[in-house]
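The exercises below concern a sheet and the cysteines of a structure. Work through each task before reading its solution.

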Amino acid sequence: MTLLDHVPSEAQLRRSAYRRRQTVYSVLVAASSTAALGTLLVIAVTGAPGWDRVRRSFLDPEIARDALPTVLSGLWLNVRLLVCCAAGALLLGLVIAVLRTLRGPVFFPVRALAAGYTYTFRGLPLIIVLYLLTLGVPGLRLQGMPPVLVLGGIALVLTYGGYLAEVFRAGIESVHSSQLAAARSLGLTHRQTMRHVVLPQAVRRVAPPLLNDVVALQKDVGLVSLAGPIDAVRAAQIATAQTFNYTPYIVAGVLFVLLAIPLIAVTDWVTLRAARRQSGG
Amino acid sequence: MASSSRLLALTLAGAAVVATAGCAPQDENPTPVVTAPPSCAKDSLPTRTPGKLTIATDQPAYEPWFSDDKPDNGEGFESAVAYAVAEKLGYARADVTWVRVKFDTAIAPGPKDFDFDINQFSITEERKQAVDFSAPYYLVRQTVIALKSSKIAGRTSLADLRDARLGAQVGTTSYQAITDVIKPAAKPQVYNSNDDAKKALQNGQLDGLVVDLPTAFYITGAEITDAEIVGQVPQVGTPEAFGLLLDKNSPLTSCVTGAVGQLTSAGTLKELEQKWLAQVAGAAELR
């Protein structure tokens with residue numbers, strides 16, 4: 001495995017040069033076809049008879065400027081919720097997945113509970129979970145009831161924890177059983193096997209779908225607004241109701257995309273890295 | 001290639017959004033015009049029964065708009081307004097006959113069994129296609145309601161509400177009343193519907209809920225009976241307006257509108273509002 005003094009052959013050099021040329025070529029083709037399509041779309045949209053009306057009601061710069069501060073302050077709520085809920089849901093998902101993969105008849109009730117949880121919360125619409133927790137639970141009028149934001153966060157964690165648990169489980173079960181056998185034959189306990197052998201491989205394999213679910217969560221955290229708090233979309237809705245102009249929604253939409261881009265970029269990068277590593281290229 | 005196909009998808013999605021957006025609602029602001037009637041003498045008025053005035057309302061007629069489901073007793077805000085209008089047109093109390101007409105029947109197009117109907121009809125462009133409305137006799141006010149156990153129950157001034165957690169339905173004049181008039185220190189809570197907001201009020205997640213006065217009467221009277229009206233907020237935004245309903249192109253419309261106009265300018269309507277809505281129904285004014 002001494003790659004240091006590896007000298008590529010003539011054929012290999014020709015091959016890489018050819019590949020480089022092909023890459024440049026395909027980038028150029030992609031760029032020009034995108035530009036052509038973009039131009040066509042711009043002409044089609046701006047040439048439409050109602051374009052002026054649409055532009056006034058969706059792309060009014062003055063209304064956008066007025067709405068920006070309130071939408072931004074709403075977005076801050078989304079961001080804080082996202083960070084807390086993503087962490088909570090990942091942790092809960094991992095725990096549930098591990099519980100679901102416990103072996104042995106003793107653990108049957110634990111497995112059944114964990115399975116029941118994933119079935120229930122993947123099936124329940126998020127809005128219903130939110131209603132139950134943010135308007136139903138406070139109705140019990142218990143002492144020390146947490147604020148509505150915390151309750152909403154719990155609803156999000158419960159729902160997304162269900163999805164993430166299944167992703168983690170898929171990762172855990174994708175680790176070949178020979179790995180487990182090898183680990184056990186080395187004298188590792190079940191717990192050690194999970195911790196040092198199975199989970200590191202499992203988490204790495206399912207990182208792309210996990211991050212994908214986090215991106216989805218980013219859009220759903222705003223649903224806590226149905227219990228009262230004003231998030232970015234609600235702030236846009238209020239501004240829209242006051243001005244009869246939909247520009248604030250576009251403002252919120254753009255902010256959401258900007259927020260998602262780093263996360264999506266990380267997802268793509270992780271996916272690419274995982275694919276390269278697995279194909280050994 | 002992956003990134004360019006995503007760009008394409010985004011552009012297409014953007015185009016789809018723009019394409020579906022063609023039907024944005026327009027801000028319509030109906031302002032009924034008060035015109036002076038040409039000749040509204042009692043004898044020349046083409047009422048259903050000459051010399052008599054036939055006024056309609058629904059059955060049952062609710063408090064505080066009517067009293068004891070008896071529109072002819074002159075008690076309750078709308079009964080009082082109806083008699084005041086009749087008087088302006090020259091009809092004595094004995095000349096007024098009441099008939100009962102269902103709300104939905106009244107706003108539907110078709111022949112009417114009444115000269116005018118008074119039943120909390122909001123004046124809307126859509127309804128104007130089927131019926132006539134007089135000038136508004138009441139502009140709907142926003143009110144704060146709270147549980148009787150709430151810390152803001154019994155408060156009397158707007159300044160007293162600054163420390164309250166208030167809520168309202170999204171996109172309503174009620175929300176505007178919180179942000180523009182009451183201006184509480186805590187951010188208002190906003191709900192998709194009044195039903196969600198009522199739940200939060202019952203749970204104690206809100207100190208007070210802002211709704212319009214008719215809704216407040218309904219909520220405190222029928223839905224959440226351990227709630228009360230704290231008070232009415234000064235006029236805000238574009239208020240909903242109640243008008244007397246008449247047959248489409250009724251020859252009486254201009255005369256009735258004229259009578260309502262006179263009652264407005266003489267301050268009679270304001271007095272009746274004070275007497276029947278603020279004092280009797282307990283919706284005092286917050287200042």
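**Exercise 1.** Determine in what order the five strands of the open sheet in chain B are arranged, and which strands stand at its edges.

*Solution.* In this predicted model, where local features need pLDDT of at least 70, side-chain atom pairs count only at pLDDT 80 or more, and totals for chains, interfaces and linings use all residues, the order is β7-β6-β8-β5-β9 (chain B), with mixed pairing. Strands are DSSP runs of E with at least two residues, helices runs of H or I with at least four, both numbered from the N terminus, and two strands pair if DSSP finds at least two bridges between them. Next, β7 (189-191) and β9 (227-233) of chain B each have a single partner strand, so one side of each is left without a neighbour in the sheet. Finally, β6 (residues 166-169) of chain B runs parallel to β7(B), joined to it by three bridges, and Ala168(B) has Val190(B) as its bridge partner.

**Exercise 2.** Identify the cysteines that form the disulfide, and establish its handedness.

*Solution.* Residues are numbered from 1 along each chain as its sequence is written, chains are lettered from A and ligands numbered from 1 in the order in which they are written, and side-chain values use heavy atoms, leaving out hydrogens and water. The sulfur atoms of Cys40(B) and Cys255(B) are 1.9 Å apart, and a disulfide is a pair of cysteine sulfur atoms within 2.5 Å. The torsion about their S-S bond is about -85°, so the disulfide is left-handed.
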